[in-house]
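Biologist: Before I rely on any of the labels attached to this model, I would like to hear how each one is earned. Could you take me through the definitions and the values together?

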Amino acid sequence: MPAHFACTLSLSAALLLSLLGTLDAADFTKQEMRGKTILQEKCSPCHAIEAVGQSPLNKAPPMRDIYARFNPRELQAELSEGKVSRHKEMPQIAFSDEDVYAILTYLHALSVGK
């Protein structure tokens, strides 16, 4: 595993652990489901949103790959500002802080194989 990938994963885990410190297991699962629902509604027409599988649109990377590629704080900011993609075909969606948290919770769960 490349060093930058391992660093990104460990930073992702650290960020989420700090954010999740006050949540119990039921709240965490609720956030995961909310994040998945948001991705299904907004992103799944083009991007794969599950732990495996290809994206419906060949040039759209799976969301799990996007999650692995970004520094967690950068991805959080990009989702909040609607700047994850610079492709003119992709709608620029600025997610609320609560939506971003739910999306990152879901993507983290995918990354750890939950």
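Modeller: Let us begin with accessibility: a residue is buried under 20% relative accessible area, exposed over 50%, and partly exposed in between, with a 1.4 Å probe and protein chains only. This is a predicted model, in which local features need pLDDT of at least 70 and side-chain atom pairs count only at pLDDT 80 or more, while totals for chains, interfaces and linings use all residues. Residues are numbered from 1 along each chain as its sequence is written, and side-chain values use heavy atoms, with hydrogens and water left out.

Biologist: Why does Arg-34 count as partly exposed?

Modeller: The relative accessibility of Arg-34 is 31%, and because the partly exposed class lies between 20% and 50%, Arg-34 belongs in that class. Glu-50 is also partly exposed, because its relative accessibility is 33%.

Biologist: What makes Arg-34 and Asp-99 a salt bridge?

Modeller: The term requires a side-chain nitrogen of Lys or Arg within 4 Å of a carboxyl oxygen of Asp or Glu, and the side chains of Arg-34 and Asp-99 meet with 2.5 Å from N to O. The pair links distant parts of the chain, with Arg-34 in helix α2 (residues 25–42) and Asp-99 in helix α5 (residues 97–111), 65 residues apart.

Biologist: How do you know that Lys-36 forms a salt bridge with Glu-50?

Modeller: The closest N and O atoms of Lys-36 and Glu-50 are 3.2 Å apart, so the pair satisfies the 4 Å rule. Lys-36 lies in helix α2 and Glu-50 in the loop between α2 and α3 (63–69), so this salt bridge ties together parts that are 14 residues apart in sequence. By this rule the count comes to two salt bridges.

Biologist: What makes a set of residues a nonpolar core?

Modeller: The members must be buried Ala, Val, Leu, Ile, Met, Phe, Trp, Tyr or Cys residues, joined through side-chain atoms within 4.5 Å. The largest such core here has 18 residues, and among those touching the most other members are Leu-39, Met-63 and Phe-95. The elements giving two or more residues to this core are α2, α3, α4 (72–81) and α5, and α5 supplies the largest share, seven residues.

Biologist: Which residues does Met-63 touch, not counting those up to four places away in sequence?

Modeller: With contact meaning heavy atoms within 4.5 Å, Met-63 touches Leu-39, Cys-43, His-47, Ala-48, Ile-49 and Leu-107.

Notes:
Helix = DSSP H or I, 4+ residues; strand = E, 2+ residues; numbered from the N terminus.
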